[in-house]
Amino acid sequence: MELEIKLSPVTASQASKVFEDKAVAPFLGEAERRDMESIYYGDERGILGELGCALRLRKENGRPIVCLKIRSGQSGMAEVRQEYETEAQNIEEGVAALLELEDMSAEGAAALKECGGLYPICGNSFTRTEAEYSRDGLVFVLSYDIGEYFRGDIRAPLGELELELKEGDPSALNALCAELAERHGLTVCHVSKYRRAMELGENQNEKAQ
């Protein structure tokens, strides 16, 4: 299960100030950088969309990982999602491997078994800078992503901070995030990268109709 708070939009300057913030910096480990490129898939039967699933193939510094996410509600400002991952060279191989995971939920398995005719629909490409925060039992990964969303030929800038809980009380993560958001003029965002990319071109389509 993934529990994550997203702040967006965020500029590189704002992100630097958050990483250097007195409430964060002393408790961060060494920062790492990774290049990411994600392609999200739909299916001809529309099963994934109906069940609120996001299925993607992401390359992390060239390493291909297939991931299925299913929204499971909120905990304060944080989004809660089922998250399942496996290394795979393509989406078909990834779906087969996901179905073999012991912790795969019945909901997720049903979606993967029933969907068919997978095809790419949108994506994003970005560089991630991340470091692990650890203090008094609260452990989370603070990351900043900068790059772009894309859907067909349409592209838009991507800039967001994420706080993903690893250990500890979700309320403590919420409290710290609220403090950082207020101090740096940031806004909590409940729209995923997948939804952001899917929204590209919607206004143009509405005008065309």
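This passage describes the aromatic pairs, nonpolar cores, cysteines, buried helix residues and backbone features of a predicted model. Local features were accepted only at pLDDT of at least 70 and side-chain atom pairs only at pLDDT 80 or more, whereas totals for chains, interfaces and linings use all residues. Residues are numbered from 1 along each chain as its sequence is written, and side-chain values rest on heavy atoms, with hydrogens and water left out.

A search of the whole structure finds three aromatic pairs, where rings of Phe, Tyr and Trp (its six-membered ring) are paired if their centres lie within 6.5 Å, and planes under 30 degrees apart count as stacked, over 60 as edge-to-face and the rest as tilted. The ring centres of Phe 27 and Tyr 133 are 5.7 Å apart and the planes stand at 65 degrees, so this pair is edge-to-face. The two residues are 106 residues apart and link distant parts of the chain, with Phe 27 in the loop between α1 (12-19) and β2 (32-43) and Tyr 133 in strand β6 (residues 118-135); here and below, helices (H or I, at least four residues) and strands (E, at least two) are DSSP runs numbered from the N terminus. Phe 27 is partly exposed, with a relative accessible area of 24%, whereas Tyr 133, at 4%, is buried; buried means under 20% relative accessible area, exposed over 50%, and partly exposed in between (1.4 Å probe, protein chains only). The pair formed by Tyr 40 and Tyr 194 is tilted, at 5.2 Å centre to centre and 40 degrees between the planes. This pair also links distant parts of the chain, as Tyr 40 lies in strand β2 and Tyr 194 in helix α6 (residues 193-199), 154 residues apart, and both Tyr 40 and Tyr 194 are buried. Ring pairs further join Phe 27, Tyr 133 and Phe 140 into a cluster. In addition, the charged end of Lys 193 sits over the ring of Phe 126, 5.1 Å from its centre, a description that requires NZ of Lys or CZ of Arg to be within 6 Å of the ring centre and within 35 degrees of the ring normal.

In soluble globular proteins, nonpolar side chains tend to be buried together. A nonpolar core is here a set of buried Ala, Val, Leu, Ile, Met, Phe, Trp, Tyr and Cys residues joined through side-chain atoms within 4.5 Å. The largest such core holds 27 residues, of which Leu 7, Phe 140, Leu 142, Leu 161, Leu 163 and Leu 173 touch the most other members. Two or more residues come from each of β1 (2-7), α1, β5 (78-87), β6, β7 (138-151), β8 (154-167) and α5 (170-184), and α5 gives the most, with five residues. With residues up to four places away in sequence set aside, the contacts of Leu 7 (heavy atoms within 4.5 Å) include Leu 161, Leu 163, Cys 177, Ala 181 and Val 188. A second, separate core of 19 residues includes Val 95, Met 104, Ala 111 and Leu 112.

No disulfide, defined as a pair of cysteine sulfur atoms within 2.5 Å, is found in a search of the whole structure. For Cys 53, the nearest cysteine sulfur is that of Cys 115, 8.5 Å away, and Cys 53 is buried with a relative accessible area of 4%. For Cys 189, the nearest cysteine sulfur is that of Cys 177, 12 Å away, and Cys 189 is likewise buried, at 7% relative accessibility.

In helix α3 (residues 91-98), Ile 91, Gly 94, Val 95 and Leu 98 are buried. These residues cover an arc of only 100 degrees around the axis, which puts them on the same side of α3, the arc being that of the directions from the helix axis to the C-beta atoms. Their cover includes β2, β3 (53-60), β4 (63-75), β5, α4 (106-114) and β6. In helix α5, His 184 is buried with a relative accessible area of 18% and is in contact with Gln 14, Lys 17, Val 18 and Asp 21, neighbours within four places in sequence left aside.

As for the backbone, a cis peptide bond with omega of about 0 degrees joins Ser 8 and Pro 9, and Pro 9 is in the loop between β1 and α1. Asn 61, in the loop between β3 and β4, has a positive phi of about 55 degrees although it is not a glycine. Asp 136, in the loop between β6 and β7, has a positive phi of about 50 degrees and is not a glycine; Asp 136 is exposed, with a relative accessible area of 76%.
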